[in-house]
Amino acid sequence: MLDPVTLAVLKGRLEQIADEMDATLYRSAFNPIIAEAHDACHGMYDAKTGATLIQGKSGLPVFVGAMAFAVKAAANAASGRGGMIDGDVWLFNDPYEGGTHANDFKLVRPVFRNGQLFCFLASAAHWHDVGGAVPGNYNPAATECWQEAVQIPPVRIVRAGTLDLDVLAILKANTRLPNSLWGDLNGQLAALDLGARRLDGLLDEYGDDTVLETLDTLRERARRLMQNHIAALPDGEYAFEDLLDNDGVHDKPLRIALQLKIQSGRMVLDFSDTSPACAGPVNISRATAIAACYVALKHLFPDVPANAGVLDAVDVVLPDGLLISADRPRPVGGYTETILRMIDVVFCAMAQAAPERAMAQAYGTINALSIAGYRSDTARKGQRWVMFSFFGGGHGGHSDGDGLSHGNAPISTATIPPLEILEAAYPVRFTQWALRPDSAGDGMHRGGLGAIYEIEILEEAAEAFIFGERGRSAPKGIVGGGSAALNVFRYQQDGEWCVPPMRSKMLGIQLKRGDRVRLETPGGGGYGDPTRRAAAAREHDRKMGYVSDKGLKEQSA
């Protein structure tokens with residue numbers, strides 16, 4: 001049996017390996033969404049089941065949850081093609097087997113010890129552009145997966161330590177930005193190389209059996225701690241449902257519905273009443289839906305170790321045919337919007353059972369914005385450029401205080417790309433980047449504020465694409481807190497400001513030099529009865545400009 005000191009040391013050493021892998025990719029990737037926003041993750045996975053063993057602290061949690069499915073998919077593919085050998089790396093972007101969407105390329109590397117498979121190391125990262133109809137790949141009108149991106153099944157990108165140039169050629173032929181792809185791929189391969197070296201060193205130092213015992217103990221601790229937390233909740237059934245604006249194809253709302261059941265130390269998350277799979281790209285695969293549940297539970301129970309043990313005391317019910325259990329070829333490119341709504345309903349259902357643990361809904365959309373065109377200056381004439389970015393908003397109020405203002409989505413630990421980086425890389429100028437007054441839900445603890453972003457086009461011509469949510473259904477408060485403001489996207493043409501017909505989704509917006517696009521993102525929902533908010537807190541909000549005079553009148557009405 002491991003002594004507590006050795007267990008703690010090995011836990012830290014294993015997590016440090018994943019953290020170093022994260023850092024290696026962030027420092028070497030060409031794509032700002034990885035290098036600056038950290039839209040990536042690394043982890044260690046079980047040799048037999050693919051279950052999550054260790055994750056980095058700065059990687060995206062939703063990736064870590066989905067990567068268990070990705071590892072299984074790579075292992076299954078390899079078993080039918082001669083198996084994996086030392087030095088292999090498998091690559092794919094299949095969102096149905098590996099979760100999330102086709103921009104997220106998963107790389108899986110087996111680690112062998114004395115000729116036996118010890119574990120898998122894996123890397124997931126958001127590549128800038130991988131074909132499809134829309135630059136950056138967030139196609140709000142896609143009706144099948146091939147309209148979103150090239151589809152790559154599990155293939156060996158590295159064979160026994162040698163890069164497969166044929167596979168690389170196929171990848172580079174299916175992107176608008178081959179240099180970006182090459183840089184990001186190299187960064188992921190370097191991260192896996194470093195992880196394998198660090199893990200070999202650790203195993204040489206402590207022994208394979210001791211490290212395996214550590215991994216087993218950490219998973220069992222997560223299971224027991226999660227089970228104890230659930231046992232402390234009142235038995236019962238707690239229901240909540242929320243809406244997506246539309247699917248980008250048909251302008252009708254879609255329901256995400258949850259029945260949360262607590263009984264005898266087990267939790268059931270039953271999504272059976274959710275809307276059926278839809279025509280447009282807000283479907284998600286089963287792997288992605290389970291990963292979203294993992295992320296939501298880690299928010300609610302942050303002290304539980306981040307491994308597969310989180311879900312060992314939880315049953316997730318996802319009948320076939322739902323928009324959150326979709327199969328190929330249903331489009332899934334807008335997965336971020338749907339998993340954010342899944343997290344919202346988990347938070348709100350938990351608020352009925354344990355309001356002290358829950359937080360009100362966050363802003364609920366990443367507002368995926370692509371702006372693309374061709375350079376017109378002499379030195380770079382005809383060169384393709386694609387700006388893709390996501391944007392922040394307010395988080396929900398909670399029992400300890402107000403929500404975070406201008407944070408990133410609760411699916412991740414990613415950061416919003418700095419405007420200086422975006423302006424340096426692309427022909428755009430941010431004319432406004434500010435907190436949005438009156439955007440937070442009122443409450444004893446108000447939500448955080450959303451943001452305002454206004455972007456001016458500096459090239460002769462460009463085309464914009466927006467894929468967002470919360471344009472019709474605002475983020476909600478809990479235990480009496482108020483709702484936040486709606487999401488607003490506008491674009492300028494010939495001096496006139498226009499709003500997309502579907503509010504939060506549109507493709508092919510034609511822009512010229514001097515035209516602008518503008519995002520006003522939601523804040524977070526409020527927590528608790530607004531009449532219980534301290535007068536000093538309201539005065540501080542007024543002085544800081546978080547609430548306008550008009551907003552103050554509405555609060556006092």
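In the predicted model, helices α8 and α9 cross in a right-handed sense. Helix α8 spans residues 286–300 and helix α9 residues 335–353; their axes lie 9 Å apart and form an angle of about 45 degrees. The arrangement of α8 relative to α9 is therefore classed as oblique. On the α8 side, the contact is made by Thr-288, Ala-289, Ala-292, Cys-293, Val-295, Ala-296, His-299 and Leu-300. Helix α9 contributes Tyr-335, Ile-339, Met-342, Ile-343, Val-346, Phe-347 and Met-350. By residue class, the contact of α8 with α9 comprises 13 nonpolar and 2 polar residues, with no charged ones.

A second helix pair is formed by α1 (residues 4–28) and α7 (residues 208–231), whose axes come within 10 Å and cross at roughly 90 degrees. Helix α1 is thus roughly perpendicular to α7. The participating residues of α1 are Leu-7, Leu-10, Lys-11 and Leu-14, and those of α7 are Thr-210, Val-211, Thr-214, Leu-215, Thr-217, Leu-218 and Arg-221. In the contact of α1 with α7, 6 residues are nonpolar, 3 are polar and 2 are charged.

Arg-109 belongs to strand β4, which covers residues 104–113. With a relative accessible area of 14%, Arg-109 falls under the 20% limit and therefore counts as buried. The side chain of Arg-109 is joined to that of Asp-193 by a polar contact of 2.4 Å. When residues up to four places away in sequence are not counted, Arg-109 touches Asp-88, Val-89, Cys-119, Phe-120, Leu-121, Leu-192, Asp-193 and Ala-196.

Backbone geometry was also examined. Most peptide bonds are trans, and most residues other than glycine have a negative phi. The peptide bond from Arg-328 to Pro-329, by contrast, is cis, with omega near 5 degrees. Pro-329 is located in the loop that connects β11 (314–317) with α9.

Positive phi values occur at Thr-100 and at Ser-264. For Thr-100, which is not a glycine, phi is about 60 degrees. Thr-100 lies in the loop between α4 (95–98) and β4, and its relative accessible area of 0% places it among buried residues. Ser-264, likewise not a glycine, has a phi of about 55 degrees and is situated in the loop between β9 (254–263) and β10 (266–270). The relative accessibility of Ser-264 is 65%, over the 50% limit, so Ser-264 counts as exposed. The two positive-phi residues accordingly differ in their surroundings: Thr-100 is buried, whereas Ser-264 is exposed.

Note on methods:
Residues are numbered from 1 along each chain as its sequence is written. This is a predicted model: local features need pLDDT of at least 70, side-chain atom pairs count only at pLDDT 80 or more; totals for chains, interfaces and linings use all residues. Side-chain values use heavy atoms; hydrogens and water are left out. Helices (H or I, at least four residues) and strands (E, at least two) are DSSP runs, numbered from the N terminus. Buried means under 20% relative accessible area, exposed over 50%, partly exposed in between (1.4 Å probe, protein chains only). A polar contact is a pair of N or O atoms within 3.5 Å; within protein, one must be able to donate a hydrogen and the other to accept it, and residues adjacent in sequence count only if both atoms are side-chain atoms. Contact means heavy atoms within 4.5 Å. Axes are lines fitted to C-alpha atoms, for helices over the stretch in contact, and angles run from 0 to 180 degrees between N-to-C directions. Angles under 35 degrees count as roughly parallel, over 145 as roughly antiparallel, 65 to 115 as roughly perpendicular and the rest as oblique. A crossing is left-handed if the near helix is turned anticlockwise from the far one by less than a right angle, and right-handed if clockwise. Ala, Val, Leu, Ile, Met, Phe, Trp, Tyr, Cys and Pro count as nonpolar, Asp, Glu, Lys and Arg as charged, and the others, Gly among them, as polar.
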